[in-house]
Amino acid sequence: MPHDLPVTSPTAFGLESFADLLPIRDPIPGEDPGSFFTFHAAMMASLGPATPYECVIAENLVAIEWELAQHRRMRDAGLRDIIRQAICEAVIRQKDAEHEAALDDDWERHVEDGGDEEDWHPDPFDRDAAEAAGEDLAERAMSRDLEVQATAYEEVSALGMDPVGIMGEAYRSRDWSVTHHDGKLRELEGRRREVKRDFDALQRARPVEATVIEP
């Protein structure tokens, strides 16, 4: 006698989807608006959970994948901050050196014209302007416009800095904004492997439509 082994439908529980069993996740400020829901829908369509338990495990897997993506974003933001600071400091040093050189030239001309220290009134170093120039160069170095970025790289190199070297220093940084997220990424990658292994095992154990032939 044949026996059918069907997969349980969510409609048997009055649900459109087994995902309805779980609470809706509220957005977290800092995420791109709507990005989680698009990510969630695409991942669930790819995983295709067919039972309530598969749905729970799939939700865990999606949450881990999302956390991985967000920790990478936060780590990269930390790296960009370190690089931005390095570029800004280099620009300030250059502007300060240029100012000192200009002062030396002005002093020599002042002395040649018969002046002395009592009537010497040099312009002070404009640190605010130097910081603004540094911020501008750092911003252009991270531009999505490739031409703007390439020009900024040339300016960074002219400061005596290698853009790749700056990036390397940022990755080697012991700054918490980088090391914390690197640690979380390793932890989450381990959890992802474990949850994916459980999910794959569930899928392999799914009941399938089959006909059992009794002897």
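Two residues are in contact when heavy atoms of theirs lie within 4.5 Å. In this predicted model, V156 has such contacts with I87, L137, M161, P163 and I166, leaving aside residues up to four places away in sequence. The protein chain has 6 helices and 0 strands, and 27% of its 215 residues count as buried.

**Overall layout**

- From the N terminus on, the elements follow the order α-α-α-α-α-α.
- Among contacts in the chain with a separation of 6 or more, 70% are between residues 24 or more positions apart.
- The chain has an accessible surface of about 14,600 Å². Carbon and sulfur atoms account for 53% of that surface.

**Helix α2**

- Helix α2 covers residues 52-112. At 1.5 Å a residue, its 61 residues should span 90 Å, and the end C-alpha atoms are 90 Å apart, so the two values agree.
- After α2 comes G114, which has a positive phi, near 90°.
- E59 belongs to α2. The relative accessible area of E59 is 16%, and because buried means under 20%, E59 counts as buried.
- The C-alpha atoms of E59 and M44 are 7.8 Å apart, while the two residues are 15 positions apart in sequence.

**Nonpolar cores**

- In soluble globular proteins, nonpolar side chains tend to be buried together.
- The largest nonpolar core here has 15 residues. Those that touch the most other members are I83, I87, L137, V156, M161 and I166.
- Four helices each supply at least two residues of this core: α2, α3 (127-141), α4 (146-158) and α5 (163-171).
- Helix α2 gives the largest share, with 6 residues.
- Another core, of 13 residues, lies apart from this one. Its members include M44, I64, L68 and L188.

**Nonpolar surface patch**

- V164, M167 and Y171 make a nonpolar patch of about 300 Å² on the surface.
- M167 is part of helix α5. Its relative accessibility is 41%, so M167 counts as partly exposed.

**Salt bridges**

- The whole structure holds 13 salt bridges.
- One of them joins the side chains of E65 and R192, at 3.2 Å from N to O. E65 is in helix α2 and R192 is in helix α6 (residues 176-204), so this pair ties together parts that are 127 residues apart in sequence.
- R192 has a relative accessible area of 25% and is therefore partly exposed.
- D81 and R84 form a salt bridge in which the closest N and O atoms are 2.9 Å apart. Both residues lie in helix α2, 3 residues apart, so about one helical turn separates them.
- D81 is partly exposed, at 46% relative accessible area.
- A salt bridge also links the side chains of E155 and R140, at 3.0 Å from N to O. E155 is in helix α4 and R140 in helix α3, so this pair ties together parts that are 15 residues apart in sequence.
- E155 is partly exposed with a relative accessible area of 33%, and R140 is partly exposed at 23%.
- R75, D76 and D182 are joined into one network by salt bridges that share partners.

Definitions and conventions: Residues numbered from 1 in each chain as written. Predicted model: local features only at pLDDT ≥ 70, side-chain atom pairs only at ≥ 80, totals over all residues. Heavy atoms only, no water. Core = buried A, V, L, I, M, F, W, Y, C linked by side-chain atoms within 4.5 Å. Buried < 20%, exposed > 50% of the residue type's maximum accessible area, 1.4 Å probe, protein only. Patch = residues over 30% accessible without salt bridge, like charges linked within 9 Å, V, L, I, M, F, W, Y side chains within 5 Å. Areas by Shrake-Rupley, 256 points an atom, 1.4 Å probe, with all protein chains shown as cover. Salt bridge = Lys/Arg side-chain N within 4 Å of Asp/Glu carboxyl O. Expected span 1.5 Å × (residues − 1).
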